[in-house]
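The following exercises are to be worked with the sequence and the coordinates at hand. Each task is followed by a solution in steps.

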Amino acid sequence: MVSGLKVGLLVALASIGLSLIFGVTGLVNFAHSEMVAFGAVIALLLESTVGLNGALFPLAVVLAVLAGGGLGFGLERGIFGPLRRRKMTNISLMVVSIGLAFLMRYLILIYHGAEPETFESFRIQSGVSLGPIELPAKDYFIIGIAFTTLLMVGLLLQRTKLGTSMRAVSDNPALAESSGIDVNRTIMWVWILGSALASLGGTMIGLTQVVEWQMGEKILLLIFAAVTLGGLGTAFGAMVGGLAIGFASETSTFWLDNDLKFLIALAVMIVILLVRPRGILGVRERLG
Amino acid sequence: MSSRRVVLESKDLVAGYLPGVDILTGCNFKLYQGELVGIIGPNGAGKSTLVKSMFGLVEVRSGVVQLLNEEITNLAAHELVRKGVGYVPQTENVFPSLTIAENLQMGAYQLKPNEVQERMKNITDLFPKLGQRLKQRAGLLSGGERQMLAMGRALMMEPSVLLLDEPSAGLSPALQVDVFENVTAINKTGVSIVMVEQNATRCLKISDRGYVLDQGKNAYDGTGEGLLHDPNVIKLYLGTMAESR
């Protein structure tokens, strides 16, 4: 159960950015999962070559998150922003993102290599008991970080001017512009935030599993499933969808083979969408 | 009228949505301070395009738009909001997933939080129905309530010029009366208003002046009352005029 919660939180963390970016631009960003991998690789690089390990490892995580935010800034400023302003269709932009995903994946392969690696700082840990729960210390760290971050993102979206403007742009970019919101600036912040969260998610996933060049590809389907299940374009939907997918996949291993766990999660997604096509938190609007 | 200050003016505007297809083909327009000006015309005449091109939402291909003698041609809409121009679109004019309070806050995005609270109180005084339901999601409002919220949102920045694109579209006759009363009330507070309308008679009745557009150009202009009884306008626009009486 706790493992399901952990995986769910991590999928949620990795998914929010995709949902936010889709919400404000309409772009289905296939490169998002590579942004997840990017975060893990940067944190590993900082740990192994710069020496930010042990007690300094949280600094490596922070720097990886900042690098992720920088990557988002660069992608919006250098690629997606200019293409959008040239009125490129979302289908074309999606194809660009697929190309970008391949580019990033193979760049990671070239610089990181094909061998899976683990973070040295958390390779072997004994279990720590907390009531009936016994987990390695790193899992408490991961759950704590993921939960706190999701809470903070929720507060940002609901309680701050920037967050409300993100939701407004997601609802209707033209109306947001007419209301005095600088839409391009808001989109830039969404890219920075979404990429930073993807990077954090990647680092945390790297801590629980391994860091490898294909990790983005492996999590891509789960991220898309989470976003679709939660309701396209809503950050809270991505959180709920991520938790549901993670939970369903992990708890299914009680009864089924471990190899089938992602299939179960995807089956759950299909069943829920059959009952509620707009996703769990997708909202219905009054007409007229 | 000519001694009054011109707040918004467009000269020889050519604008359109698709490359090579011009909707406006040389349109001229003037709004004097404190005026309520109606823009009417048949479907496809370019009424909404004129307002959108003055507000930076449709690219102006040639011609000039001026706000208080400052050129604002093709300036981004959010910058025009800062300069005191408000705009209420015809459809999709509220943020459906945001609450009424958040919709109003977004109207004053460029202001400081304490100013926003003060402005919100002014708007809820003007539209008490909004004040009673601040926590309600805008997507659940009726058409008339949405129009009210859309106007309230546009007024949050206390604009000197308000552009309204068919504010009565899709509303029942009773709600249309409310909308025109609201527009008149807002105008009486000193806000200069440009209103595009399909309901020509009602629009011209409350307008100081009016413009009749046809095929992207000025066809006629004059006082609201004058246009109402102009045989040429009635001839061009007879169907709609007759229907709306």
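**Exercise 1. The open sheet of chain B**

Task: Establish the strand order of the open four-stranded sheet in chain B, and determine which strands stand at its edges.

Solution. The model is predicted, and the strands are read from it as follows.

Step 1. The four strands of this open sheet in chain B are arranged in the order E2-E1-E4-E5, and their pairing is antiparallel.

Step 2. The edges are taken by strand E2 (24-32) and strand E5 (70-71) of chain B; each has a single partner strand, so one side of each lacks a neighbour in the sheet.

Step 3. Strand E1 (residues 6-15) of chain B runs antiparallel to E2(B), and seven bridges join the two. Within this pair, B:Leu8 lies opposite B:Leu31 of E2(B), and B:Glu9 lies opposite B:Lys30 of E2(B).

Step 4. E1(B) also pairs with strand E4 (residues 60-67) of chain B, again in the antiparallel sense, over six bridges. Here B:Lys11 is found opposite B:Val64 of E4(B).

Step 5. In general, the strands of a sheet pair through backbone hydrogen bonds.

**Exercise 2. The setting of B:Val94**

Task: Decide whether B:Val94 is buried or exposed, and list its contacts beyond four places in sequence.

Solution.

Step 1. B:Val94 belongs to the loop between strand E6 (85-88) and H3 of chain B.

Step 2. A residue counts as buried if 20 or more other C-beta atoms lie within 10 Å of its own. B:Val94 has 26 C-beta neighbours inside 10 Å and is therefore buried.

Step 3. When neighbours within four places in sequence are set aside, B:Val94 contacts B:Asn103, B:Ala138, B:Leu141, B:Arg146, B:Leu149 and B:Ala150.

Step 4. For B:Val94 and B:Asp165, the separation is 71 residues in sequence and 14 Å in space, C-alpha to C-alpha.

**Exercise 3. Helix H1 of chain A**

Task: Describe the length, bend and burial of helix H1 (residues 2-25) of chain A.

Solution.

Step 1. The 24 residues of H1(A) span 35 Å from the first C-alpha to the last, close to the 34 Å expected at 1.5 Å a residue.

Step 2. The helix H1(A) nevertheless has a kink of about 30°, centred on A:Ser15.

Step 3. Of the 24 residues in H1(A), 21 are buried, and the helix is mostly covered.

Step 4. After H1(A) comes A:Gly26, with a positive phi near 80°.

**Exercise 4. The contact between the chains**

Task: Identify what chain B brings to its contact with chain A.

Solution.

Step 1. Chain B supplies 25 residues to the contact and chain A supplies 18 residues.

Step 2. On the chain B side, the elements giving two or more residues are helix H2 (77-82), helix H3 (100-107) and helix H6 (143-155) of chain B.

Step 3. By class, this side of chain B comprises 13 nonpolar, eight polar and four charged residues.

Step 4. The predictor assigns the complex an ipTM of 0.85 and a pTM of 0.87.

**Exercise 5. Confidence in the model**

Task: Locate the elements of chain B with the lowest and the highest mean pLDDT.

Solution.

Step 1. Chain B has a mean pLDDT of 91, with 96% of its residues at 70 or more.

Step 2. The lowest mean among the elements of chain B, 65, belongs to helix H10 (residues 231-244), and the highest, 97, to strand E8 (residues 192-196).

Step 3. Over residues 241-245 of chain B, pLDDT stays under 50, and the model has eight contacts beyond four places in sequence for them.

Step 4. Predicted coordinates should not be read in detail where pLDDT is low.

Notes
Residues numbered from 1 in each chain as written. Chains lettered and ligands numbered in written order. Predicted model: local features only at pLDDT ≥ 70, side-chain atom pairs only at ≥ 80, totals over all residues. Expected span 1.5 Å × (residues − 1). Bend = angle between axes of the 7 residues up to and from the residue. Buried ≥ 20, exposed ≤ 12 C-beta atoms within 10 Å, placed from the backbone. Contact = placed C-beta atoms within 7 Å. Nonpolar A, V, L, I, M, F, W, Y, C, P; charged D, E, K, R; others polar. Pairing = 2+ DSSP bridges. pLDDT = per-residue confidence, 0-100.
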